[in-house]
Amino acid sequence: TLSLAEPDQHAALARVGLVLADAYRCSGDDGRSQTWYLRARAHASADGDSSMISVMLHNISAMRSGQIALDDAFGRADPELARKALLEAESTANYDWGTGVASLSAMVPVIRAQLLVALGRFDDAARLFEDHLDRARLEGMGHRGPRLLADRAWCHVRLGHVAQALADAKAAEAGAGDQPDADDRAATLARLARIHRHGGRDGVAEALQVRAEAALAEHLADQARMREALDRTLAALEK
């Protein structure tokens, strides 16, 4: 599409730009990703495509919150980045409301919940998870079910809700290894390790942490391979 589309074929160029932006974000190259997001938005704006802009905003917000939540599961989230991402998620919801775009209704609340966990606002996060998690899993986030259950379990742990924490942690642990994406497995296992460590079960926590670190290493290797493939493909197109 990049080599065939004319400069004024905004619909096509907006979509290919979004695909490349998302791919670079998934590969961990935020700089290249931002470049393609800006191109995609420019073409979508020129085409008057508010639905396309909404999809782009949702993708940016979901991927950014996912990385912050992954960092938080390992105990190294940046609160300032989480605060900025929370404002970004709320801005996305406001854009949808202002333009009348019908977007995935549960995605933004769940994204907000993940960011609130990273900010230590466990009560607010738990309420959002309770209200929206089931619907979010039906709207395309089902593959992240164990990861989100582990996040909710951590909220319940920090709030002293023992029964709810145990139920969510058990369900998350049962599905942790079945998640197809290594970053989701890493986040789930690391979060579960923190939960067990918080409860004084250091041996269980250490075993989960070892698995989490292995999944994280797999994720980083996958990202490196993706970056190389993207760079190679674009370089070939530019010849």
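Start with what lines the largest pocket in this predicted model: 14 nonpolar, eight polar and 12 charged residues. That lining adds up to 34 residues, wrapped around about 870 Å³ of space. The second largest pocket comes in at about 200 Å³, and its lining is made of 15 residues.

**Largest pocket: who sits where**

- If you want to find the centre on screen, look for Arg25, Cys26, Met63, Arg144 and Asp183, the lining residues that lie nearest to it.
- Five helices each put at least two residues into this lining: α1 (10–26), α3 (50–73), α6 (122–141), α9 (182–198) and α10 (202–238).
- Which helix gives the most to the lining of the largest pocket? That's α3, with nine residues.

**Second largest pocket: who sits where**

- Closest to the centre of the second largest pocket are Val157, Ala165, Leu166, Ile195 and Arg201.
- Here the helices that each supply at least two lining residues are α7 (145–159), α8 (162–175) and α9.
- The largest share of this lining comes from α8, which chips in six residues.
- By class, the lining splits into six nonpolar, six polar and three charged residues.

**A helix to keep an eye on**

- α9 turns up in both lists: it supplies at least two residues to the lining of the largest pocket, and at least two to the lining of the second largest pocket.

Methods
Residues numbered from 1 in each chain as written. Predicted model: local features only at pLDDT ≥ 70, side-chain atom pairs only at ≥ 80, totals over all residues. Heavy atoms only, no water. 1 Å grid on protein atoms, 1.4 Å probe; cavity = no way out; pocket = protein on both sides within 12 Å on 5 of 7 lines; lining within 4 Å. Points joined across faces, edges and corners; volume = space filled by probe spheres on them. Helix = DSSP H or I, 4+ residues; strand = E, 2+ residues; numbered from the N terminus. Nonpolar A, V, L, I, M, F, W, Y, C, P; charged D, E, K, R; others polar.
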